[in-house]
Amino acid sequence: MKREGDGGGAARRVEVLRSIDSLPAPVWRELAPPDDPMWSRAVFAAMEDGAIGPDGYAYLVVRSGPRTEAVLPLALFRNLRLDDIVGPRERQLLAPVRRSAPRLLRVPMLFCGNLLGQGHVLTPGPLTDEVARVLVDAVLRFARAERLGTVVFKDFTPAGLDPLRGALGAAGFFPAPSQPDTELPLPTGTFDEYIERLPAKPRRNARSNLRRFAARPELRMETVEDFRPLVPRMLGLYGQVMDRAEQRLDVLDARFLTALAAPPGPDRRLVACFDGERLVAFLLCLFSGSGATGARIGLDYALAHEARLYHNVHYAAIRLALDAGCRHIRFAQTAYTPKIELGCRLVEQSYAITHLRPLPRALLRRLLPATLAAARAQALGPHVPARATRPPDPTDRQPGRQPDRRPGREPGQDPDQDPDEKGAPSPCPE
């Protein structure tokens, strides 16, 4: 514990807690974002129970007297593999190093924020410059004590990072782009009304995807709250997705999923698709306040393309969120094309990075921003924030519209059938 003066006679103290169990539940409930289910206390407890990547967790707590002024979760990696967190092009360039000198690719790293979600410093009000300085100083002291050379504030929005910028800049941190979040603003109303409000081509594609799934009566979609019996089969499907993933900072395991499913747990439901009695797809959904998250997906790729499993588990998650009265649902930082087609907007996020030693810090400052920007551009493809920040407009589609007179339409043709569709399945993006 270290005490810090604020120049006005008051003393702040910084505590390092090694488990979320050491932080009183009422304090967490008061400070955590109420509409972000990835900040549920139960999610952090499940992370600690599992072995999803980090070698340990900690929580920096800034207090002034009895008042908690800030909480920052930390994830400790003693030997993080660089080739697991870069893009495919960079991974290919690093392949010779991995073969000849794999230890060079293992780095000790400290992540600040939420390993599985959007970054925040938890505070009861606006973060002051003084508390930000105390917090950043405490992060660097902790990193030195744990011998973690690289320090990263992970996936903070501009609004979340702004109160920290002065303290981070003074401490040698530099910004770098991360991949944006995807968030679907939800209208009030039904799923059918959501589909109606999509722009024309996404609406046609959605109805085509729904028809493709409905044409396979052996498939059924269910919602499961206690999914512990399904965990072994979930891991097999999740493994198929991770085998195709470009980055692997975290990999969920049986202990994490079992802890998340055990009562009381967070407000969670599993969208599960079965072929007979065989699980062939899932989307793990979490809920809190007016927010929902489609956290992790698993797919059987033998069926995924033809049956449009990816799209239909997302549609089922949207139905659940609408039924729960949510105002938005977030999805993963991947597969931007289908998510933008769902109506998602891109939520800009960035890293703040430093190294405890000057020379590695200078090298990282020179190389990382451009490398991460290139990886981000490759992941986004043609999608840029200006095109993706606009939610579906209710005026895009109105009941009682005029018949479709576009060229290429035959009389009597389904107006929601894409004329370019020749029966080939759309790509399965994950």
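## Exercises on rings, burial and backbone angles

The count of disulfides here is zero, where a disulfide is a pair of cysteine sulfur atoms within 2.5 Å. This is a predicted model, in which local features need pLDDT of at least 70 and side-chain atom pairs count only at pLDDT 80 or more, while totals for chains, interfaces and linings use all residues. Residues are numbered from 1 along each chain as its sequence is written, and side-chain values use heavy atoms, with hydrogens and water left out.

**Exercise 1.** Decide whether Cys112 and Cys344 are buried or exposed.

*Solution.* Start with the cut-offs: buried means under 20% relative accessible area, exposed over 50%, and partly exposed in between (1.4 Å probe, protein chains only). Cys112 has a relative accessible area of 1%, so Cys112 is buried. Cys344 also comes out at 1%, so Cys344 is buried too.

**Exercise 2.** Classify the ring pair of Trp28 and Tyr59, and place both residues in the chain.

*Solution.* Let's begin with the rule: rings of Phe, Tyr and Trp (its six-membered ring) pair if their centres lie within 6.5 Å; planes under 30 degrees apart count as stacked, over 60 as edge-to-face and the rest as tilted. The whole structure holds 10 such aromatic pairs. For Trp28 and Tyr59, the centres are 6.3 Å apart and the planes make an angle of 85°, an edge-to-face pair. Next, the places: Trp28 is in helix 1 (residues 25-31) and Tyr59 in strand 3 (residues 56-64), 31 residues apart. Helices (H or I, at least four residues) and strands (E, at least two) are DSSP runs, numbered from the N terminus. Finally, look at burial: Trp28 is buried at 3% relative accessibility, and Tyr59 is buried at 1%.

**Exercise 3.** Find which ring Arg244 lies over, and which ring Arg269 sits over.

*Solution.* A charge sits over a ring if NZ of Lys or CZ of Arg is within 6 Å of the ring centre and within 35 degrees of the ring normal. Arg244 lies over the face of Tyr301, 3.6 Å from the ring centre. The charged end of Arg269 is over the ring of Phe287, at 4.0 Å from its centre.

**Exercise 4.** Describe the backbone at Asp155 and at Pro264.

*Solution.* Recall that most residues other than glycine have a negative phi, and most peptide bonds are trans. Asp155, not a glycine, has a positive phi of about 55°. Asp155 belongs to strand 6 and is buried, with a relative accessible area of 3%. The peptide bond from Pro263 to Pro264 is cis, with omega near 0°. Pro264 is in the loop between helix 10 (254-261) and strand 10 (267-275).
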